[in-house]
Amino acid sequence: MVKIYTKQGDFGRTSFFGEDVDKDDIRIELLGKLDQLQSQLSYAYSLSDNGGYKKQLMQIVATIPSISLTIGTKQNHLSEEDLALLETWLDELTSSLPSLQKFILPIGSPCCSYLHIVRSYTREVERCYINYAKQFGINEIVSSYLNRLSDYLFQLARSV
């Protein structure tokens, strides 16, 4: 039997793409937040009953590992096409909704409310990414994708 534990983490250290680092390293924190974001998006997917948006959420869930891999390898695994597709979905959602006339409360159906939770958490991930980028350099596709993702989730929450 292959064990999934190494005991290395018992003392506050872990491996980051082959490099031994502290568990509170910004890269580990960011990967953990991306992991949590993927789980939250997956739960939002499970709450959605709209087939079209459900497919979009599934595609977004599938892009999160590409962001993590980009962080770990410093090579682009998230494409400009991924960003363009998200922007297309955002534009389509926006054009189907009435203009905002006032501040809205993040309440509604369970799916709507949870999308607002995921949206606000996406902003936290984005802030963590910016902190990471100060030390390791910014990837404009990742930065833009995270920013558009929170906008998309806001509009999606309005539409459900």
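Contact here means heavy atoms within 4.5 Å, and that criterion underlies the packing described below for helix α1 in this predicted model.

Helix α1 covers residues 26-47, and its 22 residues reach 31 Å from the first C-alpha to the last, close to the 32 Å expected at 1.5 Å a residue. At the start of α1, Asp25 places a side-chain oxygen within 2.7 Å of the backbone nitrogen of Arg27, and Arg27 is itself among the buried residues of the helix, which also include Ile26, Ile28, Lys33 and Gln40. The buried residues of α1 pack against two strands and three helices, as tabulated here.

| Element packed against buried residues of α1 | Residues |
|---|---|
| β1 | 13-16 |
| β2 | 19-22 |
| α2 | 51-73 |
| α4 | 110-136 |
| α5 | 140-159 |

For the pair α1 and α2, the axes come within 9 Å and cross at roughly 170 degrees; because angles over 145 degrees count as roughly antiparallel, α1 is roughly antiparallel to α2. On the α1 side the contact involves residues including Leu30, Leu34, Leu37, Leu41 and Tyr45, while α2 contributes, among them, Leu57, Met58, Val61, Ile64 and Ile71. By class, this contact of α1 with α2 has 15 nonpolar, four polar and one charged residues.

Helix α5, one of the elements against which the buried residues of α1 pack, contains Ser143. Is Ser143 buried or exposed? Since buried means under 20% relative accessible area, Ser143, at 15% relative accessibility, counts as buried. Leaving aside residues up to four places away in sequence, Ser143 touches Glu126, Tyr129, Ile130 and Ile138.

How values were computed: Residues numbered from 1 in each chain as written. Predicted model: local features only at pLDDT ≥ 70, side-chain atom pairs only at ≥ 80, totals over all residues. Heavy atoms only, no water. Helix = DSSP H or I, 4+ residues; strand = E, 2+ residues; numbered from the N terminus. Expected span 1.5 Å × (residues − 1). Buried < 20%, exposed > 50% of the residue type's maximum accessible area, 1.4 Å probe, protein only. Polar contact = N/O pair within 3.5 Å; in protein donor to acceptor, adjacent residues only side chain to side chain. Axes fitted to C-alpha atoms, helices over the stretch in contact; angles between N-to-C directions. Parallel < 35°, antiparallel > 145°, perpendicular 65-115°, else oblique. Nonpolar A, V, L, I, M, F, W, Y, C, P; charged D, E, K, R; others polar.
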